[in-house]
Structures are given as structure tokens and as C-alpha cells.
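Me: I've got a model open and a few labels I'd like to see justified. Can we go through them one at a time?
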Amino acid sequence: MDDGMSGTDGVGGALGEVGEGGALIELDRVEKVFSVRRRTGFLRRESRQVRAVDSISFTVARGEMVGYIGPNGAGKSTTIKMLTGILTPSGGRLRVAGIDPSRERARLARRIGVVFGQRTTLWWDLPLIDSYRLIHRMYRIPDGRYRENLDRCVELLELGELLDVPVRQLSLGQRMRGDIAAALLHDPEVLYLDEPTIGLDVISKARVREFLRELNAERGTTVLLTTHDLQDIEQLCSRVMVIDHGRLVYDGALAGLHEVGESERTLVVDLEREVPPVEVVGARVVKVEGPRQWLAFPAAESAAPLVARIAASYPLVDLSVREPDIEAVIAKMLWSTETPEPAVGEEPETGIPGPSSERAGA
Amino acid sequence: MAEPGRFAEGVRAYRLIAGMWIRSTMAYRASFVMTTFGNFAATALDFVAILLMFSRVDALGGWSLPEVAFLYGLSGMAFGLADLAIGSMDRLGSRVRDGTLDTLLVRPVPVLAQVAADRFGLRRLGRVVQGALVLGYALASLDIDWTPARVLLMPWMVVSGCGIFCAVFVAGAAFQFVAQDASEVQNAFTYGGTTLLQYPPTVFAQDLVRGVTFVLPLAFVNWLPASYVLGRPLPLELPGWVAFAGPAVAVACCALAGAAWRTGLRAYRSTGS
């Protein structure tokens with residue numbers, strides 16, 4: 001019960017159920033084909049095959065924190081549903097902690113935690129603590145372990161004053177924190193988060209991210225999250241997987257994603273007065289608004305020499321550097337994978353990659 | 001894997017979840033009292049309709065008022081208990097539609113138990129109580145020749161009747177995996193079925209009675225065993241021992257419903273919609 005070990009080491013490692021190389025999640029050419037029926041006449045129906053997930057392979061090692069992103073309908077949720085055993089794959093091999101999710105859904109359930117961002121699993125009319133007591137008994141969590149985990153979550157997620165409050169009275173951010181705690185009471189080895197920060201305010205988002213970072217660092221819990229908020233990825237994940245049209249189009253570090261997307265950073269300079277567009281080596285002006293000018297330069301290069309060059313020949317008053325919006329980067333990357341081999345240097349006009357530019361439907 | 005263990009696990013989960021719903025209901029005590037009373041009153045109106053009929057006639061299909069009350073009470077109790085236990089299963093379709101079924105699928109307890117306990121409502125006791133009262137009235141007014149077999153048949157038919165209705169609920173829910181807006185179809189068989197059984201079989205066409213005996217065996221809830229207890233010939237000239245077949249029929253129905261449930265769940269897990 002109280003073995004003093006971190007939960008993850010105690011369970012999976014000792015049983016030797018981990019695949020080769022410490023991989024906790026293994027997908028080998030996994031696919032999911034839905035047949036979609038459409039009514040075409042009074043009684044006639046047309047059946048069409050849709051590949052929601054098309055031969056995806058990857059492994060996630062124990063203790064990794066991975067972002068799983070892509071446009072709506074790309075196959076993210078379908079993948080998560082297969083990983084949690086909700087959906088049965090149409091083909092390929094899938095293992096989580098050595099378990100085939102679709103065959104042993106209930107056994108797997110004890111070892112994974114799932115948070116569906118938009119669907120709470122808490123009991124609406126009851127105090128928050130009641131939902132936790134139900135989980136305590138439903139998962140048969142040993143008393144000592146339950147108390148220890150609950151205390152930790154309550155402290156780190158600042159739930160102390162909320163435990164006796166009916167869930168219906170909690171704010172969205174409080175409820176999300178409550179849901180995350182609920183998914184962790186049974187010491188899962190993997191935590192799946194589906195849009196964990198959706199609809200939260202800045203402070204709640206920060207608190208959730210901080211907690212996840214700590215969970216991953218201290219307990220070694222493997223975390224797989226889908227999100228539309230790319231700051232989640234930037235701040236949490238060392239690895240990103242991008243899925244589009246059911247295929248894995250990128251798998252690697254976030255920095256690499258910038259390179260693949262050939263992204264640019266933006267240098268915003270405020271000059272003393274209005275001048276014609278700045279002419280400087282290594283950057284191009286993309287926008288002028290009175291004395292303020294926007295210059296795009298490759299994300300991989302340092303801004304310092306560029307600033308020095310501009311300051312040398314223009315009346316520079318103030319400046320700021322904008323990091324590329326990753327959503328725009330992904331859009332660009334998806335665009336480049338769909339069109340064969342875009343010539344290097346021939347930049348498509350995508351406007352300024354800034355917070356204002358948003359990809360439709362992403 | 002371990003089947004008996006799974007069943008016990010399901011019952012345990014059912015109790016845990018039903019307990020949560022009872023506590024949720026008690027968060028609104030006044031509402032609970034009112035809906036329980038409303039449930040009682042609404043079902044009592046059914047019987048008032050029968051009383052009104054008997055103010056005009058002395059017998060319905062050859063059955064007297066206490067005899068019809070006997071059928072009514074038995075049907076009401078058997079259905080009421082099933083409705084109390086798993087009556088909310090007709091919400092499965094909406095759970096499939098809004099995606100909340102997925103949250104049940106990631107828990108380590110049987111999905112059927114979770115869906116059966118969903119929205120467990122003690123207010124449904126209203127129907128059971130009302131059925132029991134009418135049955136009490138019938139037993140007090142009837143002069144039944146109580147043999148041991150007839151005494152045995154009383155709890156025997158309530159329990160197996162409840163089992164048969166439970167099977168209908170589960171099968172109906174399983175169908176909603178495929179057709180998510182089919183809860184009205186289910187209601188036709190459950191609420192419709194119990195209303196049918198409140199009237200003597202002799203007022204219905206023979207074909208309907210055959211269907212309710214051999215196809216969807218609701219006749220085993222009360223028509224057949226009640227006829228035996230009242231010393232009447234069984235409908236369709238069936239032999240007397242058929243009156244005792246209720247439990248076997250209930251078990252068979254539950255097995256079929258269980259198979260339908262598993263098929264439905266498998267279909268859901270392969271289509272996810």
C-alpha cells in the first residue's frame with residue numbers, strides 16, 4: 001500500500017509488461033475505417049468507406065509528454081478512442097502498457113486516466129468530494145494510496161475549498177481541475193487529455209499546465225494531449241505529433257516543426273517618424289503602419305544582428321520580436337505536404353505569422 | 001475473463017452508482033417528494049380508467065373488477081420494479097448522440113451496469129406502491145382457493161415478470177446503439193406492454209395473444225400465471241404447467257437481451273457513432 005515508490009515504477013515495471021525499449025504506447029500501422037451510410041433516395045443508401053486513421057505507427061516511451069495536434073476531423077479523437085479501448089481498430093497492432101485496449105478495456109481502465117475537456121465525469125449535483133469517493137470505491141484504490149493522491153491533487157490544483165461545493169457551482173476552470181484530479185486518483189501510468197485548457201481563462205490555463213508539468217516530472221506519468229491551444233504544446237510538450245487526414249505528417253521536437261514549416265519570426269520596429277519601408281539584409285518588410293514596421297526573418301536566425309543593422313541606419317525607438325504562431329506553422333506545413341516539393345525560397349504569401357492570423361477550421 | 005466475478009463487479013458498480021443518484025436526488029428534496037407523488041398519481045389514473053369502465057359494465061371479457069385488478073396489480077408491480085431498477089436505459093440513445101457514453105467506457109466496470117444505474121430514480125417507487133395497493137385490493141376482494149402451488153406462484157410471477165421487463169429494457173437499449181432515436185420504440189414495448197397486460201387476454205384478438213405469448217412473451221408476466229391462480233382456463237388453451245414457466249422464460253429473455261447488448265456495444269465500438 002505505502003511502498004514509498006512512485007506509482008509508475010511500482011506497477012508496470014515490476015510486471016514486465018512494457019514493450020521493448022521502454023515503450024508504453026505502441027502503434028503499428030493502426031487504422032480505423034468507418035463506413036458512412038448516406039441516404040441517396042427514399043430507400044437507397046450509399047455506403048462509403050472513410051479512413052479516419054490511416055496506417056499510423058508510433059511509440060511513446062514511459063514518462064514522455066506528447067502533444068497530438070491537427071485540424072478538426074484529422075483523426076485525433078479516433079486515435080485517442082482506440083488508445084483508451086473505446087473503439088476497436090480496423091487493422092494494425094496497438095498496445096498500451098502491454099495491453100490490447102479493445103480486448104481488455106476494463107483492465108486497461110485501471111492503468112490509464114482520461115480527461116475529456118468538454119465532458120465532465122463529475123457528479124453535477126453533489127459536492128466535488130463525493131465524485132472522488134465514488135472513484136475510490138469503483139477503482140478499489142487502497143485507502144492510503146487514495147488519501148495520498150487526493151491530498152497531493154488538492155494541494156497542487158488548489159481544490160481544498162472546493163471539495164464541499166456542488167460541482168454545478170464550480171467555474172469552468174475549477175471543474176477542469178476537478179476533472180484532472182479525478183483522472184489521477186488511481187495512479188494511472190498514462191494520462192490522456194482531450195483539450196484540457198479549452199475555454200479556460202489565462203490563470204486557470206497556467207495552473208493546469210503547471211500541474212501537468214509537475215505530474216510528469218515527479219511521478220513520471222506519461223501524458224498525451226490533444227489541443228487547439230498551441231501554447232499548451234509550447235509550454236508542456238517536448239514532442240509533437242501532427243496528424244492530418246488520418247496520417248501522421250510530423251513526429252518530432254517542436255523546434256523541428258518550425259524548421260519543417262520554414263517559419264518566420266516577426267520583428268516589429270517603432271521608428272521616430274514615418275519612413276519608406278526599411279531595406280535591410282536578412283529580412284523583408286511585410287507591413288507598414290505609420291512609424292511602425294513589421295519585418296519577417298527566418299525563425300532559426302538570431303534577431304540581434306538584424307536589430308544592430310537596422311539601428312545603424314534608421315532612427316529606431318522601440319522594438320519587439322514575435323514568435324511564430326504554431327497554428328500558422330502547421331497550416332503551412334500541411335500545405336507543403338499536400339503540394340509536392342515546394343521550391344525552397346519561393347515563399348507563398350501567407351501574411352504575417354502573428355497572433356491575429358488564424359487558420360480556418362483549425 | 002472471469003465471468004462470475006464480472007457479474008458481481010457489475011452489481012457492485014450498479015449499487016455504487018445508484019447510491020450516487022439517490023444522493024443527487026436528495027439535493028432537491030421537495031422536487032423528489034413531488035415527482036414521487038406525481039409518479040404515483042399518474043399511474044393511478046390508469047386504474048381510475050378501469051374503474052370508470054366498470055361503472056358501466058359488470059365484466060370485461062368475462063373478468064370481474066377484482067380479477068382485472070389482480071392482473072393490473074401484478075403487471076404494475078412487475079413492470080414497476082423493472083422500471084425502478086433499469087428504467088433509465090432508454091437514455092442510452094442520447095448518451096450515444098452526445099458522446100457521454102465514452103466516459104463510461106473508460107471505467108473499469110461493466111458498461112451495462114453503469115447504463116442500468118444511470119439516473120436511478122427512487123421516485124419510480126410510486127408505480128410499484130400503486131401496483132401493490134391495487135393488488136392488495138384484489139386479494140382482499142377475491143375468494144382464491146389457495147393451494148401451495150398458487151401461493152408459490154405469486155412471488156414467482158412478480159420476480160419473473162420483472163425479469164422479462166428488464167430484458168425488454170436491455171434489448172431496447174441495445175437497439176439504440178444502432179438507432180439512436182429509438183427510445184419511443186422501446187417505450188411502445190415497455191409502457192405499452194404493461195398497459196396491455198392490465199386488461200384480460202379475452203378482450204384481445206387471438207393473434208395478438210399468440211404474439212404476446214410466443215414472440216414477445218409478456219403473457220408470462222401475469223396472463224398465464226394469474227389465470228392459473230384464479231382457477232381460469234389458460235389463454236390459447238395452454239396446459240396448466242405453462243403457468244409455471246415464467247422463470248425459464250425470463251432467463252431465456254435475459255440471455256437474449258444480454259446477447260443483443262453485447263452485439264450493440266460491439267457495433268458501437270466499431271463505428272463510434
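Me: Before the labels, where in chain B is B:T100 placed?

Reply: B:T100 is in the loop between α4 (92–98) and α5 of chain B, helices here being DSSP runs of H or I with at least four residues, strands runs of E with at least two, both numbered from the N terminus. Bear in mind that this is a predicted model, where local features need pLDDT of at least 70, side-chain atom pairs count only at pLDDT 80 or more, and totals for chains, interfaces and linings use all residues. Residues are numbered from 1 along each chain as its sequence is written, with chains lettered from A and ligands numbered from 1 in the order in which they are written.

Me: Why is B:T100 called partly exposed?

Reply: Count the C-beta atoms, placed from the backbone: 20 or more others within 10 Å would make a residue buried, 12 or fewer exposed, and anything in between partly exposed. B:T100 has 16, so partly exposed is the label.

Me: Which residues does B:T100 contact, leaving aside its neighbours within four places in sequence?

Reply: A:R119 and B:R95. Contact means that the C-beta atoms, placed from the backbone, lie within 7 Å.

Me: How many residues of each chain are in contact across the A and B pair?

Reply: 19 residues of chain B with 23 of chain A. On the chain B side, α1 (3–25), α5 (101–105) and α12 (246–271) each give two or more residues, and α1(B) has the largest share, with 5.

Me: What makes the largest nonpolar core a core, and which residues touch the most other members?

Reply: A nonpolar core is a set of buried Ala, Val, Leu, Ile, Met, Phe, Trp, Tyr and Cys residues joined through C-beta atoms within 7 Å. This one has 150 residues, and B:A78, B:I164 and B:V170 touch the most other members. Helix α8 (residues 148–178) of chain B gives the largest share, 16 residues.

Me: Why is this core said to lie between two domains of chain A?

Reply: Domain 1 (7–252) and domain 2 (262–338) of chain A both give residues to the core, so it lies between them. Those bounds come from an automatic or database domain assignment.

Me: What makes β11 and β13 of chain A edge strands?

Reply: Pairing takes at least two DSSP bridges between two strands. The open sheet runs β11-β12-β10-β13 (chain A), with antiparallel pairing. β11 (284–289) and β13 (316–322) each have a single partner strand, so one side of each is left without a neighbour in the sheet.

Me: How many bridges join β11(A) to β12 of chain A?

Reply: There are 5, and the two strands run antiparallel, so by the two-bridge rule they pair.

Note on methods
Two residues are in contact if their C-beta atoms, placed from the backbone, lie within 7 Å.
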